[in-house]
Amino acid sequence: MFDACLRQKLAVQKERGLYRCPPEVSENDGRTVTVGGRTLINFASNDYMGLGHSLVLAKKAADAFGRYGTSSSSSRLVSGNASVIREAERAYADYFGYEEAIFFPSGYQANMAILSTLFGAGEMLLFDKHVHASTVKGMQLGSAPFKGFRHNSMGHLTKRLEGVRGNPVVVTESLFSMDGDTPPLDVLADLKEEYGFLTVVDEAHAYGAMGPGGRGIARGIADVALGTFGKAMGLFGAFVLLPALYREYLFNFASPLIYTTALPEAHAVTAMAVLAEVAQADDARAHLAHLSRYLTRLLTDEGLSVCGEAHILAVQIGNEDRAHDLVKRLFDAGYFTFAARFPTVPMGRAIIRVSLTATHTEADMRHFSEALSRLVHDDGRGAVAV
Ligand SMILES: Cc1ncc(COP(=O)(O)O)c(C=O)c1O
């Protein structure tokens, strides 16, 4: 009975074009992946700076695992609060310009911890409707009431602020993971000044890849900022930048931190090496930004509708099946991409998410653009319209 119920739900997913079955990747060097014996140009990775395959970092990590062992073996609150983790956290706080930092095993856990723990019944969380699933989950788990505002609409946020009861907290991202766009941060800063709210900004897709020194784009606006190591920083886990008081509070009350095994010490050592790499990568960041502008122009010239202001581009497709089908055909043409469909994006607004890395070349952009536009124009389903 129970199994039949699961099978039935999976069958419905298939009928709706929402069934997920990711292909197995046997090799990955950052720019390319190998799937089923075929090597494809990878446009589906968040390793925006190519650091996930840096030999310098791999060596550092291997040495550190040799020196410190492979596991922290306990929660920070038991015996896993290692000096080297503290040292790395201080280095992150200093580099990004915050009072304190705290590491988490993943960004998903970090968002859950911040949003469910720091805020309570006295606050009102006002969140951009396109924030990541982990942020939504954190709000659902917590006791603070929450209300959405339209994606990147400062007008709608202002309306929400005017009717707000309790201390407002604005929750948004600096570079949106699926749309690839950014909120008008200068307007957000003005509103913050006027209304005096706190801000929680998820910089998961910006840290390492955007801003001077890779310090992201919401500095001075975010009271609490989240970064993941698993994207441009080329590692795994996450860090939260915040005031010392909030850090102390999380250590005492955040269940996703208290009841989980700490990241290994070797992670902290490697994380410090990541900072050194990120600090000296201005040329790579400039190349990445150039590739994004270049590909946007190529795709737009081909009549495709593209959203995105940096290394994440969302090619608007609309129909779920069509997006899925185009990704399969791109695969056959030698490109690895990702069709983002409901519930990751709204129903009927499926996209092909194209993520770039500094290891891509201009030729990769040209070849990909030609392949995608040919497939869209030849699939017999007309122009893409959303
Ligand atoms: C905006 C955003 N925040 C948080 C996360 C979660 O980070 P992690 O992968 O480290 O769990 C992601 C991951 O996909 C993300 O896109």
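Me: A polar contact is a pair of N or O atoms within 3.5 Å. What makes the pairing of Lys231 with the ligand a polar contact?

Reply: The model is predicted. In it, a polar side-chain atom of Lys231 sits 2.9 Å from a ligand oxygen. That value is within 3.5 Å, so the pair counts as a polar contact.

Me: How do you know that His205 makes a polar contact with the ligand?

Reply: The distance from a polar side-chain atom of His205 to an oxygen atom of the ligand is 2.6 Å. The cut-off is 3.5 Å, so this pair counts.

Me: Why does His132 count as a polar contact of the ligand?

Reply: An N or O atom in the His132 side chain lies 3.4 Å from an oxygen atom of the ligand. This is still within 3.5 Å, so the pair passes. Against the ligand's 390 Å² of accessible area on its own, the protein covers 80%.

Me: What makes a residue part of the shell around the ligand, and which residues come nearest?

Reply: One heavy atom within 4 Å of the ligand is enough. There are 14 such residues, and Gly107, Tyr108, Asp202, His205 and Lys231 come nearest. Helix H4, residues 107-118, gives the most to this shell, with 3 residues.

Me: What is the make-up of the shell by class, and why does a glycine such as Gly107 count as polar there?

Reply: The shell has 2 nonpolar, 9 polar and 3 charged residues. Gly is listed among the polar residues, so Gly107 counts as polar.

Me: Where does the ligand sit, and what makes that a fair statement?

Reply: It sits in the largest pocket. The test is that more than half of the ligand's atoms lie within 2 Å of the pocket's grid points, so the ligand meets it. This pocket has a volume of about 820 Å³. Its lining holds 38 residues; His130, His132, Ser177, Met178 and Thr344 lie nearest the centre. Elements giving two or more residues to that lining are H4, helix H5 (133-141) and strands E9 (224-228), E12 (312-318) and E15 (350-355). By class, the lining has 18 nonpolar, 12 polar and 8 charged residues.

Me: Why is another space called a cavity, and how many of 30 Å³ or more are there?

Reply: A 1.4 Å probe fits there but cannot get out, so the space is a cavity. The structure holds 1 of 30 Å³ or more. The largest cavity has about 90 Å³ of space. Strand E4 (100-104) and helix H10 (265-279) each give two or more residues to its lining. That lining has 13 residues, with Arg76, Phe103, Phe104, Ala262 and Leu263 nearest the centre.

Me: What makes the backbone at Ser73 and at Pro343 worth a remark?

Reply: Most residues other than glycine have a negative phi, and most peptide bonds are trans. Ser73 has a positive phi, near 65 degrees. Phe342 and Pro343 are joined by a cis peptide bond, with omega about 5 degrees. Ser73 is in the loop between helix H2 (55-68) and helix H3 (83-96). Pro343 is in the loop between strand E14 (338-340) and E15.

Definitions and conventions: Residues are numbered from 1 along each chain as its sequence is written. This is a predicted model: local features need pLDDT of at least 70, side-chain atom pairs count only at pLDDT 80 or more; totals for chains, interfaces and linings use all residues. Side-chain values use heavy atoms; hydrogens and water are left out. On a 1 Å grid over the protein atoms alone, a cavity is a set of points where a 1.4 Å probe fits but cannot get out, and a pocket is an open set with protein on both sides within 12 Å along at least five of seven lines; lining residues have an atom within 4 Å of a point. Grid points are joined across faces, edges and corners, and a volume is the space filled by probe spheres set on the points. Helices (H or I, at least four residues) and strands (E, at least two) are DSSP runs, numbered from the N terminus. A polar contact is a pair of N or O atoms within 3.5 Å; within protein, one must be able to donate a hydrogen and the other to accept it, and residues adjacent in sequence count only if both atoms are side-chain atoms. Accessible areas come from the Shrake-Rupley method with a 1.4 Å probe; for residues, only the protein chains shown count as cover.
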